[in-house]
There are 2 protein chains.
Amino acid sequence: MFSPLIRKLGRGADLTQADHDRLTSLARTRCVGARQDIIEQGDRPEDVHLVLSGFACRYKIMRNGKRQIMALLVPGDFCDLHVAILGHMDHGIATVSPCTLAELPPTTVLDLTENHPRIARALWWATLVDEAILREWLVSMGQREADQQLAHLFCELLMRLRVAGVADADGYDLPLAQHDLGEVLGITPVHVNRTVQALRAAELIVLRGRRLDIPDVERLKAFCDFDPDYLHLVQRIA
Amino acid sequence: MFSPLIRKLGRGADLTQADHDRLTSLARTRCVGARQDIIEQGDRPEDVHLVLSGFACRYKIMRNGKRQIMALLVPGDFCDLHVAILGHMDHGIATVSPCTLAELPPTTVLDLTENHPRIARALWWATLVDEAILREWLVSMGQREADQQLAHLFCELLMRLRVAGVADADGYDLPLAQHDLGEVLGITPVHVNRTVQALRAAELIVLRGRRLDIPDVERLKAFCDFDPDYLHLVQRIA
DNA sequence: CGCTGTATTGACCTCCTTCAAATGCGGTGG
DNA sequence: CCACCGCATTTGAAGGAGGTCAATACAGCG
């Protein structure tokens, strides 16, 4: 059940079976329905949360009621690794689809970081990759138009979900409504719809219900200049 | 000379004089002119770089030649703390104004993180604040219109530069041309100009040459719904 | 005093928004 | 099996924020 995490962290550091067990032995798991808050802005959560299945998101709500999604959390992603250091959440976290979460007690996390350098390094690495993704989203928002921005997101999710082991070679289940995609891209649901249709018309994607298929991945990548370098998927050399 | 760093890190953890000396004793300093690359995408820098004076920026260049600035680095900010873990730079770093930089040899950083938990924690904290700023920039780009977005940037810089000790209570030197501001906000220089003029007309800012003054800080904050929570300026309670 | 880069202005165009209505669709109950 | 409900998706028309292109003004500087 923890395999998405292990698959992901294994990219950042060599983990042994013992490391794996240490991470998982003390965790409780919890199931949460779709569109539920997991952590609210201002919280000082005790446990560290980890997505095992489903999609969650980081978000902020503006004074006018609009919501900006700042990150999509897929299986293997941590929700709040940083809160132990920063003290409180400066944003909220909610599920998008139904999720199973792991809750790691703070003592476990403390023990891991202080006594198990390999795991600590892997967690550190995971945080930095999250930051790199955030940077790329900023670039997308600033420089790409809606169609390329959406295509870029679809490419990114393909890569990330493959690492987590929950995507096929050329498609995956995408539990986001067009409304949610709008909150990710910073555009209105209406314009998401028109953008989706443009990508469909160009035969770059097949999006039906909650399933996305990409007939020609290389063509979609070329369309949005997708360069997976920022995901740091290749095993570190040093 | 290292005081901006100490002032900044002191917010994240209690540092002693000994910690301070340890950080600074082995560093070389280096002066770089305006608009020079410090680190290029793909580099695997040996030393960790730190801004002591001046403004630098993280950026990515798009295939069409446009540049998106993903972070402004002011005195006290690290350029590449993450590269030791991630292995290579997925973006470039360049100066905006002339800068003095400190270069910390990797052995120093390694020693600090492994043998000096207080400093390690402070560095960790600084990285997480950078990430929080990145999230807020994403929100700005997705949800705020150009005038509020620019105002928000000006408010953020006021707070950050005050922490670094290089701003007055209601103004600071801003070495960015309108062209640069456009690369930060993801808009064209022409539109930056119109936006600046709108803020001027509303008497929210006084921007002349490379100096920004804010006649009524509270009014500017109210104008763009600025909430400094994400900067994590208040001393951690625990 | 001319040169160069930055700031400013104007006219026009495009992408995206807004508002509003229509269509389709999965589930539920009859 | 079908009627109906609630929700997401789709469509249309009009407006606004920001982009593009090109010309002009201006400031620092040798």
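**Briefing: a sheet, a helix pair and a two-chain contact**

In S6(B), the residue that Cys57(B) has as its bridge partner is Ala94(B). This pairing belongs to a predicted model, in which strand S4 (residues 56-61) of chain B and strand S6 (residues 92-95) of chain B run antiparallel and are joined by 4 bridges. The points below take up the sheet around these strands, then a pair of helices in chain A, and finally the relation between the chains.

**The sheet in chain B**

- S4(B) and S6(B) are part of an open sheet of 4 strands, whose order in chain B is S2-S6-S4-S5 and whose pairing is antiparallel.
- The edges of this sheet are held by strand S2 (37-39) and strand S5 (67-73) of chain B, and because each of them has a single partner strand, one side of each is left without a neighbour in the sheet.
- From one strand to the next, the twist of the sheet averages 35 degrees.
- As a general point, strands of a sheet pair through backbone hydrogen bonds, and the pairing can be either parallel or antiparallel.

**A helix pair in chain A**

- Helix H6 (residues 146-164) and helix H7 (residues 178-185) of chain A have axes that come within 11 Å and cross at roughly 105 degrees.
- Since angles of 65 to 115 degrees count as roughly perpendicular, H6(A) is therefore roughly perpendicular to H7(A).
- On the side of H6(A), the contact is made by Ala146(A), Gln149(A), Leu150(A) and Leu153(A), while H7(A) brings Leu181(A), Val184(A) and Leu185(A) to it.
- By class, the residues of this contact of H6(A) with H7(A) comprise 6 nonpolar and 1 polar, with no charged residue.

**The contact between chains A and B**

- Chain A and chain B meet in a contact that takes 34 residues from chain A and 34 residues from chain B.
- On the side of chain A that touches chain B, the elements that give two or more residues are strand S5 (67-73), helix H3 (83-86) and helix H5 (117-143) of chain A, and the largest share of that side, 14 residues, comes from H5(A).
- Sorted by class, the side of chain A that touches chain B has 16 nonpolar, 10 charged and 8 polar residues.

**How the two copies are related**

- A turn of 180 degrees, with a shift of 0.0 Å along the axis, lays chain A on chain B with an RMSD of 0.0 Å, and the two copies are thus related as by a two-fold rotation axis.
- Both copies use the same surface, as 100% of the contact residues of chain A recur in chain B.

Key:
Residues are numbered from 1 along each chain as its sequence is written. Chains are lettered from A and ligands numbered from 1 in the order in which they are written. This is a predicted model: local features need pLDDT of at least 70, side-chain atom pairs count only at pLDDT 80 or more; totals for chains, interfaces and linings use all residues. Two residues are in contact if their C-beta atoms, placed from the backbone, lie within 7 Å. Ala, Val, Leu, Ile, Met, Phe, Trp, Tyr, Cys and Pro count as nonpolar, Asp, Glu, Lys and Arg as charged, and the others, Gly among them, as polar. Two strands pair if DSSP finds at least two bridges between them. Axes are lines fitted to C-alpha atoms, for helices over the stretch in contact, and angles run from 0 to 180 degrees between N-to-C directions. Angles under 35 degrees count as roughly parallel, over 145 as roughly antiparallel, 65 to 115 as roughly perpendicular and the rest as oblique. Copies are superposed by least squares on the C-alpha atoms of residues with pLDDT of at least 70 in both.
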